[in-house]
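Let's take a walk through a model with two chains in view, beginning with a single helix and working outwards. Keep the viewer open as you read.

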Amino acid sequence: MPGSAPSSADSGIFSGFRRAFRGTLVWYGFVLPPLFLILVFIGYPTALAFEQSLFTEIPGGREFAGTYHFERLFQNQVFWGAIGNTVLLGVAFLVIIIPLATIFASMLNRVRRGSTPLKVIYFLPQLTSSVAVAIMFNYVFQPDWGLLNGFLRQLGITNLPLWLADPRYSLTGSRAAVTILAVWAGLGYYIIVTLAGLQSVPTDLYDAAAIDGASPLQSWWYITLPSLRPTFIFLIMTGSIDALARFSDLWTLGGPGGSPARSLQSIVMFMYQQGFESQDFSLSAATAVVFFLIVLLITGAAFWGFLRREFRALR
Amino acid sequence: MAEQAIAIPEAKVQRRWRLPHDWRSQTAIFITLCTGALFMLLPFWWMFATSLSRKADISMPRTPQLWPPDPGIFNYWIATNNLPIVRLYFNSLVVVGGTTIGYLFFCSLAGYAFAKGRFPGKSFLFIVFLATLFIPFETRMIPLYLFMGQLHLTNTYWALILPFLAGGFGTFLMRQTISSIPDELLEAARIDGASEFRIFVQIILPLCRPTLATLAIINVIWRWNDVLWPLLVTSDSNMFTVTQGLALEGHSQGTYTGVALATAVLAILPVVVAYLFLQRYVIRSVVSSGVKG
């Protein structure tokens, strides 16, 4: 298009050639600086992670280890614990937050007054760093005088839960507490995205349903929810990747080990602990490779499912 | 939502100060939404109220109080003495400012070339840029940290800024925006003898202002709230960012509730104040790009 297509009249074939060549070179001037940054700070370390997972550092050099570090990783109970925590917390988070956000977004879409300040309030925790949210909730969940248990005590409940101090798999344990935290912090974002999806549903669908005598609840169930399918796929895809990469809030609450009793250790925390604290770079790199493959799998599956539908709609 | 079909007569009824026919459901929805908003705000308020109480450092009341019996700024005084808070704000400002300016500049450069340029290898290079979207930061963080050590950059601003200067997401967003700028405009500038770089600075960048603002907002949220990378590459408390200082201080001040919460308030205050002023742009940025902070 432009650049190589000289618009002014040309005197000869050579100047035209030179012009085209110069037009090409200019674009490399634009692309190369960012490309250099990407190759050095994204490409090289990623390649390094793959390489490190295949070698063992020994004094004065290193030797090829093949799949040794991966075998070591897959026999590591702590690794499986971290994977289990990450998946459990991610699934619980998505299962709670998506229906909740859909309900709130539908209400916000219907209400005639005050939706803007409400949106601003719901979105506020999203802007707050997850570290600050974690510190705040550390005290909200404090068993003796925390905000939540104080509230429950006012309701007359005597057998108060321990929340973050209870590492068991329970609805009032540490995992439940950090899920409540994540839902509280993430709800605004999920509501706003769902609301955008709701507002793109064509209104004539609702008009047609109203003419056919559908109740508001019926049209919500049969029109709104199916129309939100792309939104849900998008939220599940990005939400899964965020959940896999969860680190800051759990680290703030439980340290790199995810205390109590490793109940809050995520896969990234495991990576951090092995690489940064135990200096076991090969094991950390093997974890990074496994992590990369899981994320790639999710992204690929969601992309495929999402794009296939988009293309079908285009045809 | 049947009422959308009969929206016009309804508005007339409202103007005559009569209740709309669906006032019951409207009230119920409004009350539910306000209750939800209250649950969103309550922890913030409780944190603020507790941070004002000196007694909170010794013992907390068993029944949560929404206003402390002894309001004062004692905890803030301690918090600012424990941490070099001014220094941390300065560090965060340098890191957030540096990465944002760099990210916008380099992503626009590449975005312009991919949108309007014509050169061998364009599609391949664009795929290289997009491929970075599929590499989570966590995959490369430990090797990157070792690499920074080899470059002797740990505990410097460079370590906090350099890895975030270019990325696939920004490049993609800029390419999409620049593609929608008509070629005739650039062609006219070229006939007038403007160089490509001058076209980029004087025509492309001003026309991309909304997208640049979106990218800037998202990048500021990302970098201000990031704690994983600063934890890896800085160990000197003079190089900590605000969020990192808060994370470490929150650990060590665990028993001094008031001080820990005062530190948290100090750390989130700038972002919250900025958000309240810019909320419309912030929410729009997040929705239009589909990326949260």
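Start in chain B, at helix 6, where the buried residues are Glu138(B), Thr139(B), Arg140(B), Met141(B), Ile142(B), Pro143(B), Leu144(B), Tyr145(B) and Met148(B). Here a residue is buried if 20 or more other C-beta atoms lie within 10 Å of its own, exposed if 12 or fewer, and partly exposed in between, with C-beta atoms placed from the backbone. Helices are DSSP runs of H or I with at least four residues, strands are E runs of at least two, and both are numbered from the N terminus.

A word on conventions: this is a predicted model, in which local features need pLDDT of at least 70 and side-chain atom pairs count only at pLDDT 80 or more, while totals for chains, interfaces and linings use all residues. Residues are numbered from 1 along each chain as its sequence is written, and chains are lettered from A and ligands numbered from 1 in the order in which they are written.

Back to helix 6 of chain B, which has a kink of about 35 degrees centred on Pro143(B). The bend at a residue is the angle between axes fitted to the seven residues ending there and the seven starting there. Does the length of this helix fit, or does it not? The 14 residues of helix 6 (residues 137-150) should span 20 Å at 1.5 Å a residue, and the end C-alpha atoms are 19 Å apart, which agrees. That expected span is 1.5 Å times one less than the number of residues. Just after the helix, His152(B) takes a positive phi of about 55 degrees.

Now zoom out to the whole of chain B, which has 14 helices and 0 strands. Its radius of gyration is 25 Å, whereas a compact globule of 293 residues would have one near 19 Å; the radius is taken over C-alpha atoms, and the globule rule is 2.2 Å times the number of residues to the power 0.38. The C-alpha atoms fill a box of roughly 75 × 70 × 35 Å along the principal axes. Of the 293 residues of chain B, 43% count as buried.

Where do the two chains meet? The contact takes 82 residues from chain B and 81 residues from chain A, two residues being in contact if their C-beta atoms, placed from the backbone, lie within 7 Å. On the chain B side, the largest share, 13 residues, comes from helix 14 (residues 257-289). By class, that side has 56 nonpolar, 16 polar and 10 charged residues. Nonpolar covers Ala, Val, Leu, Ile, Met, Phe, Trp, Tyr, Cys and Pro, charged covers Asp, Glu, Lys and Arg, and polar covers the others, Gly among them.

Turn next to chain A, with 13 helices and 2 strands. Its domain assignment gives domain 1 (13-70) and domain 2 (77-314), with bounds that come from an automatic or database assignment. The C-alpha centres of these two domains lie 35 Å apart. Their contact takes 10 residues from domain 1 and 7 residues from domain 2.

A last stop is Pro125(A), found in helix 4 (residues 115-127) of chain A. Pro125(A) counts as buried because it has 23 C-beta neighbours inside 10 Å. Leaving aside neighbours within four places in sequence, Pro125(A) is in contact with Val133(A), Trp184(A), Ala185(A), Gly188(A) and, from the other chain, Met40(B). Pro125(A) and Gly186(A) are 61 residues apart in sequence and 7.2 Å apart in space, C-alpha to C-alpha.
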